[in-house]
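Q: Got a minute to walk through this one with me? I'd like a quick tour before I set anything up.

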Amino acid sequence: MNTAHPPLSRAWLWLLLLVAAFTWFAPLDYNALIRPDEGRYAEIPREMVATGDWNTPRLNAMMHHRP
């Protein structure tokens, strides 16, 4: 009795490759399109000028520390 599975056809392999590629590449630039960071990057120096504190970056009056 032969219990070996038949090999996958080329069509199934291409479909698997296409699904894997789509899953990998689709979300790469998703965050940049939904929430751009330009407003945040402009607000931090504006608040530094407003408070006169050039050493502590703030966003919405909250101090941000670098990890």
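**Confidence and layout**

A: Sure. This is a predicted model, with a mean pLDDT of 79 for the protein chain and 72% of its residues at 70 or more.

Q: Where is confidence lowest, and where is it highest?

A: The low point is strand S2 (residues 62-63), with a mean of 64. The high point is H1, at 92.

Q: OK, and how many helices and strands are there?

A: The protein chain has 3 helices and 2 strands. Reading from the N terminus, the order is α-α-α-β-β.

Q: What share of the residues counts as buried?

A: Just 7% of the 67 residues. The chain exposes about 6700 Å², and carbon and sulfur atoms supply 66% of that.

Q: Let's take H1. How many of its residues are buried?

A: The number is 0 of 16, so H1 lies largely in the open.

Q: What about its length: what span should it have, and what does the model give?

A: At 1.5 Å a residue, H1 should span 22 Å, and its end C-alpha atoms are 22 Å apart, which agrees.

Q: Which residues form the nonpolar patch on the surface?

A: Leu8, Trp12, Leu13, Leu15, Leu16, Leu18 and Val19. Together they have about 740 Å² of accessible area.

Q: Pick one of those, say Leu16. Where does it lie?

A: Leu16 is in helix H1, which covers residues 10-25.

Q: And is Leu16 buried or exposed?

A: Leu16 is exposed: its relative accessible area is 54%, and the cut-off for exposed is over 50%.

Q: Switching to charges. How many salt bridges does the count come to?

A: The count is 1 salt bridge. The side chains of Glu43 and Arg46 make it, at 2.8 Å from N to O.

Q: How are Glu43 and Arg46 placed along the helix?

A: They sit 3 residues apart in helix H3 (residues 38-51), so about one helical turn separates them. An α-helix has 3.6 residues a turn, so residues three or four places apart point the same way.

Q: How accessible are Glu43 and Arg46?

A: Glu43 counts as partly exposed, at 21% relative accessibility. Arg46 is also in the partly exposed class, at 46%.

Q: Does anything else in H3 catch your eye, and which class does Glu47 fall into, buried or exposed?

A: Glu47 lies in helix H3 too. At 9% relative accessibility it counts as buried, because the cut-off for buried is under 20%.

Q: How far is Glu47 from Leu59?

A: In sequence, Glu47 and Leu59 are 12 residues apart; in space, their C-alpha atoms are 7.0 Å apart.

Q: What span should H3 have, and what do its end C-alpha atoms give?

A: With 14 residues at 1.5 Å each, H3 should span 20 Å; the end C-alpha atoms are 21 Å apart, which agrees.

Q: And what comes just after H3?

A: Gly52 is there, with a positive phi of about 80 degrees.

Q: Last one. Where is Pro57?

A: Pro57 is in the loop between H3 and strand S1 (58-59). At 26% relative accessibility, Pro57 counts as partly exposed.

Q: How far is Pro57 from Pro45?

A: Pro57 and Pro45 are 12 residues apart in sequence, with 7.2 Å between their C-alpha atoms.

Notes
Residues numbered from 1 in each chain as written. Heavy atoms only, no water. Patch = residues over 30% accessible without salt bridge, like charges linked within 9 Å, V, L, I, M, F, W, Y side chains within 5 Å. Areas by Shrake-Rupley, 256 points an atom, 1.4 Å probe, with all protein chains shown as cover. Salt bridge = Lys/Arg side-chain N within 4 Å of Asp/Glu carboxyl O. Helix = DSSP H or I, 4+ residues; strand = E, 2+ residues; numbered from the N terminus. Buried < 20%, exposed > 50% of the residue type's maximum accessible area, 1.4 Å probe, protein only. Expected span 1.5 Å × (residues − 1). pLDDT = per-residue confidence, 0-100.
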